[in-house]
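Please walk through this structure, starting at the ligand and moving outward to the protein that holds it.

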Amino acid sequence: MSRLVVVSNRLPSGSTPSGGLVVALQDALADGGLWVGNSNKLTDTPADRLTRHEGGKFTRMSFDLTEEEQRDFYLGYSNSVLWPLCHDRVDLMELLPQYLESYRAVNKRIAKMIARELQPGDRIWVQDYHFLSLGHELRQLGVTQPIGFFLHIPFPGPNAFAALSHGQEVCRWIAAFDLFGLQARRDVSACLQVFRTAKGAELLLNGRMKLEDKIVQVASFPIAIDPEEFARTARNAPTAGLDDAAATIIGVDRLDYSKGLPQRFRAYGHLLDAHPELSGQVALLQIAPPTREAVKAYQDIRDELEQLSGHINGAHATLDWTPIRYIHRSVPRERLAGLYRGARVGLVTPLADGMNLVAKEYVAAQDADDPGVLILSKFAGAAEQLFNGALIVNPHDIAEMAEAMNQALNMPLGERRERHQSMRRVLLDKDVAWWREQFLTALSASWQSSQPQMDPA
Ligand code: GDG
């Protein structure tokens with residue numbers, strides 16, 4: 001068995017796995033696998049070797065960043081260039097030359113450190129947008145093992161991509177991988193379109209692209225959860241925290257501008273305006289833990305939401321009813337599962353989203369005999385899989401979203417069951433083990449096909 005080497009920004013903790021990705025990959029890492037990630041410790045002088053951490057079922061090694069790299073590589077290029085670019089917010093991109101330089105340099109340094117640890121049969125699986133140039137850097141160092149990449153966020157279309165003046169270089173980064181995995185079919189199509197615009201690029205058959213002498217396979221692998229495990233957690237979880245008197249509509253999102261929270265709050269306000277009979281009968285519970293607070297766009301969205309929730313509560317609240325409970329804090333996972341199960345409606349309405357695991361968790365957590373209704377944005381990757389069971393909405397259309405909430409609140413039991421069953425089937429069919437195996441099998445296949453053919457004689 002060849003060893004799996006995973007690279008991601010977050011290094012899993014050595015104790016019980018909680019993050020979805022760790023759960024997804026731990027089986028494949030069981031045979032002495034290695035996970036490389038950010039130590040989350042800033043340093044003045046970065047070491048030239050990875051630091052080994054004790055504990056856990058697989059080897060964990062980390063790298064440090066300097067304060068400058070945290071600003072330019074992490075908050076800068078990763079989260080103020082690539083994140084807005086991939087979420088259709090070119091207007092929020094900060095194209096500073098030092099960001100790109102730092103991104104190149106950090107990936108180069110990490111590549112060097114990883115290359116020192118590699119063994120001949122290793123397979124390398126790079127996770128997400130922080131490490132787009134890592135495959136290229138590893139190849140420059142002569143690494144010949146299979147290198148796959150998975151992008152957790154959407155791939156931008158050619159128009160947005162044109163806002164990167166170094167787009168050709170980014171295409172070269174992508175071409176250095178054997179497999180470039182994306183969440184949804186729409187992302188594969190965007191990626192192929194972008195490649196078509198690269199100088200010297202050739203589109204081959206079946207999602208293979210060639211640039212200079214490199215061939216990369218592009219394909220979609222919709223990320224998933226373990227639905228049975230999540231359902232068990234939800235069944236055993238406390239439901240305290242739900243409003244007993246009112247039907248709860250729940251939203252759970254990192255506080256990010258891509259998640260469409262202001263539009264969602266406005267739609268809820270619209271629902272209350274249009275349906276005064278719902279006064280005291282419905283409650284929106286929005287959990288939105290903070291992230292990337294050092295980036296200005298994240299401070300702005302926080303201010304906007306505080307204002308909006310205050311405004312809606314001010315206009316509609318009564319002495320014994322608060323229409324919106326907005327919680328800007330993280331809630332333990334078990335608690336979350338119980339809240340999903342107790343909520344009549346799950347509201348997942350991002351403006352752009354790679355997949356959106358909250359949608360899948362909400363469905364998994366429901367009681368199949370009396371399930372709640374999922375309202376899902378057409379811009380979430382999950383919509384490609386859950387369109388049969390969810391109420392699909394356009395998150396820019398406030399009135400449409402409000403009407404979907406009203407429809408969900410009034411949906412008869414038979415229809416709720418039918419819709420839930422169809423989504424549950426997808427979740428069971430394509431769970432997280434399926435996701436991992438599909439990717440790793442495709443990685444082996446695309447690497448094999450790029451190897452020089454042995455002469456049968
Ligand atoms: C990126 C892509 C893609 C949220 N609040 C709390 C909490 N969460 C958990 C949810 C869920 C996860 O965080 C969020 O995952 P999403 O998929 O919804 O979104 P992103 O964080 O933006 O993730 C996304 C994903 O990567 C995976 O590829 O689906 O499109 O943007 O699991 O439950 N968990 C706890 N407390 C909280 O308050 N415990």
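A polar backbone atom of Asn356 sits 2.9 Å from an oxygen atom of the ligand. This is a predicted model, and the distances quoted here are computed from it. Met355 also takes part through its backbone, with an N or O atom 2.8 Å from a ligand oxygen atom. At Val331 the partner is a nitrogen atom of the ligand, which lies 2.5 Å from a polar backbone atom of that residue. The ligand on its own would expose 730 Å², and the protein buries 80% of this area.

The shell around the ligand holds 22 residues, and those that come nearest are His152, Val331, Asp353, Leu357 and Glu361. Val331 is thus one of the nearest residues as well as a backbone contact of the ligand nitrogen. By class, twelve residues of the shell are nonpolar, five are polar and five are charged. Two helices, H11 (333–342) and H12 (357–365), each contribute at least two residues to the shell. The ligand lies between domain 1 (4–224 + 433–449) and domain 2 (227–429), because both domains give residues to its shell.

Away from the ligand, the next topic is the packing of the protein itself. The largest nonpolar core has 97 residues, of which Tyr77, Phe155, Phe180 and Tyr268 touch the most other members. Helix H2 (residues 67–86) gives the most to this core, supplying nine residues. Domain 1 (4–224 + 433–449) and domain 2 (227–429) both give residues to the core, so the core lies between them.

Technical notes. Residues numbered from 1 in each chain as written. Predicted model: local features only at pLDDT ≥ 70, side-chain atom pairs only at ≥ 80, totals over all residues. Heavy atoms only, no water. Near = heavy atom within 4 Å. Polar contact = N/O pair within 3.5 Å; in protein donor to acceptor, adjacent residues only side chain to side chain. Areas by Shrake-Rupley, 256 points an atom, 1.4 Å probe, with all protein chains shown as cover. Helix = DSSP H or I, 4+ residues; strand = E, 2+ residues; numbered from the N terminus. Nonpolar A, V, L, I, M, F, W, Y, C, P; charged D, E, K, R; others polar. Domains from an automatic or database assignment. Core = buried A, V, L, I, M, F, W, Y, C linked by side-chain atoms within 4.5 Å. Buried < 20%, exposed > 50% of the residue type's maximum accessible area, 1.4 Å probe, protein only.
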